[in-house]
Amino acid sequence: METTTRSSATRDGLGVGIAVGLSGVAFGAAAVTAGLSVAQACVLSLFAFTGASQFALAGVVAGGGNLVAGAAGALLLGVRNSLYGLRLAGLLGVRGWRRLPVAQGVIDETTAVAMAQPEEESARTGFFVTFVTLYLTWNATTLLGALGTSSVADPAVFGLDAVGPATFLAILWPRLTGDDPEARTLRPIAIGGAAVALAATPFTPAGVPVLLASVVVLAVILRRPK
Amino acid sequence: MSATWWAIVAVCAGCYALKLAGLSAPRRILDHPGVQRFAALVPVALLAALIAVQTFTHGQSLVLDWPRTAGLGAAVVALLLRAPFLVVLAAAAVVTALLRMAGL
């Protein structure tokens with residue numbers, strides 16, 4: 001039983017890691033088109049390793065915008081990883097210096113795959129398999145995209161831009177569609193979070209809409225203290 | 001070092017520090033029941049918000065990208081049919097790609 005859930009966590013991690021990691025081609029291409037060097041694109045993927053922030057900085061460089069504001073916007077997009085860290089801290093149970101390498105893996109996809117697992121052991125497996133697979137794929141494809149901007153096809157042609165949202169949907173689905181009390185609590189949080197983010201999009205800088213979704217959680221907790 | 005390199009170093013260091021900050025929050029804070037409840041629920045709100053933002057926005061405008069929306073619809077159908085996780089992802093990508101190829 002345990003082996004089954006762990007191997008299914010491994011399969012999920014490999015699938016998400018490779019499918020989402022292929023979008024590194026888009027980042028590498030966008031970065032070089034924006035005017036970053038190949039080395040700069042690769043440094044961002046190696047050390048920032050959080051797609052939304054990387055795209056945000058490249059976008060500002062492309063538009064010739066203010067770099068300080070651009071960096072601030074990229075960091076704002078990274079704040080949600082702090083919130084994921086709060087959740088993963090207990091689950092991963094890493095202490096001391098081991099937190100240093102593990103921290104680099106605290107992103108949307110790893111959190112999502114970990115959350116989708118039925119128990120802690122397979123959640124840890126899901127986190128690490130997703131992290132390693134996505135890290136390797138994302139960095140390799142960043143280099144490819146940056147080197148061959150024109151010769152590499154646009155990932156949108158392959159529908160890869162739909163893979164991110166589909167991943168998150170597939171992971172939330174079983175937790176939202178049940179008839180249990182947990183699903184009844186989570187549904188308004190998910191729907192409210194999505195609605196708040198869309199409503200805020202035209203009026204707030206990138207990164208803020210998704211963060212504002214967390215206000216919905218505060219509202220639910222404060223209304224029903226438990 | 002150019003201004004662009006400084007911005008890149010700042011983003012790399014800052015993004016890493018943000019990840020580490022959550023993971024290294026003091027036990028005292030992590031053990032607080034309110035924080036535990038918040039931490040348990042907040043990924044649901046953020047991931048749902050990401051689905052909406054990645055599907056229906058471009059920059060600061062709301063957009064309806066038909067192939068991508070249909071791809072997400074295909075994912076919903078696959079989920080209703082209880083398809084395995086990877087089949088759900090493949091359905092979204094294939095439907096989106098086919099509709100783009102068809103020029104929609």
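These notes cover a predicted model, taking helix packing in chain A, the contact between the chains, and a few single residues in turn.

1. Helix H3 of chain A. This helix spans residues 38-48, and its buried residues are Gln40(A), Ala41(A), Leu44(A), Ser45(A) and Ala48(A). They fall on the same side of H3(A), because the arc they cover around the axis is only 135°. An α-helix has 3.6 residues a turn, so residues three or four places apart point the same way.

2. What H3(A) packs against. Within chain A, the partners of these buried residues are helix H2 (24-34), helix H4 (51-62) and helix H8 (120-147). Chain B also takes part, through its helix H1 (3-23).

3. H3(A) with H8(A). The two axes lie 9 Å apart and the helices pack at an angle of about 165°. Angles over 145 degrees count as roughly antiparallel, and H3(A) and H8(A) are therefore placed in that class. The crossing of H3(A) past H8(A) is right-handed. On the H3(A) side the contact is made by Val38(A), Ala41(A), Cys42(A), Ser45(A) and Leu46(A). They meet Trp138(A), Asn139(A), Thr142(A), Leu143(A), Ala146(A) and Leu147(A) of H8(A). Sorted by class, this contact holds 8 nonpolar, 3 polar and no charged residues. Ala41(A) and Ser45(A) appear both among the buried residues of H3(A) and in the contact with H8(A).

4. H7(A) with H8(A). Helix H7 of chain A covers residues 108-115, and its axis comes within 7 Å of that of H8(A), crossing at roughly 150°. This pair is therefore also roughly antiparallel, and H7(A) passes H8(A) in a right-handed crossing. From H7(A), the residues involved are Glu109(A), Thr110(A), Val113(A) and Ala114(A). Opposite them in H8(A) are Ala123(A), Gly126(A), Phe127(A), Thr130(A), Phe131(A) and Leu134(A). The contact has 6 nonpolar, 3 polar and 1 charged residues.

5. The residue after H3(A). Phe49(A) comes just after H3(A), in the loop between H3 and H4 of chain A. Its phi is positive, about 40°, although Phe49(A) is not a glycine. Phe49(A) counts as buried because it has 24 C-beta neighbours inside 10 Å.

6. A second positive phi, in chain B. Arg82(B) is another residue other than glycine with a positive phi, here near 60°. Arg82(B) sits in the loop between helix H4 (66-80) and helix H5 (85-101) of chain B. With 9 C-beta neighbours inside 10 Å, Arg82(B) counts as exposed, whereas Phe49(A) is buried.

7. Contact between the chains. On the chain A side 76 residues are in contact, and on the chain B side 60. Helix H5 of chain A (residues 67-92) gives the most to the chain A side, with 18 residues. By class, that side of chain A has 51 nonpolar, 18 polar and 7 charged residues.

8. Ile51(B) as one example from this contact. Ile51(B) belongs to helix H3 of chain B, residues 33-56. It is buried, with 24 other C-beta atoms within 10 Å. Apart from neighbours within four places in sequence, Ile51(B) is in contact with Pro165(A), Phe168(A), Leu169(A) and Ala194(A). Within chain B, the C-alpha atoms of Ile51(B) and Leu72(B) are 9.2 Å apart, with the two residues 21 places apart along the chain.

Conventions: Residues numbered from 1 in each chain as written. Chains lettered and ligands numbered in written order. Predicted model: local features only at pLDDT ≥ 70, side-chain atom pairs only at ≥ 80, totals over all residues. Buried ≥ 20, exposed ≤ 12 C-beta atoms within 10 Å, placed from the backbone. Helix = DSSP H or I, 4+ residues; strand = E, 2+ residues; numbered from the N terminus. Arc of directions from axis to C-beta. Contact = placed C-beta atoms within 7 Å. Axes fitted to C-alpha atoms, helices over the stretch in contact; angles between N-to-C directions. Parallel < 35°, antiparallel > 145°, perpendicular 65-115°, else oblique. Left-handed = near helix turned anticlockwise from the far one by under 90°. Nonpolar A, V, L, I, M, F, W, Y, C, P; charged D, E, K, R; others polar.
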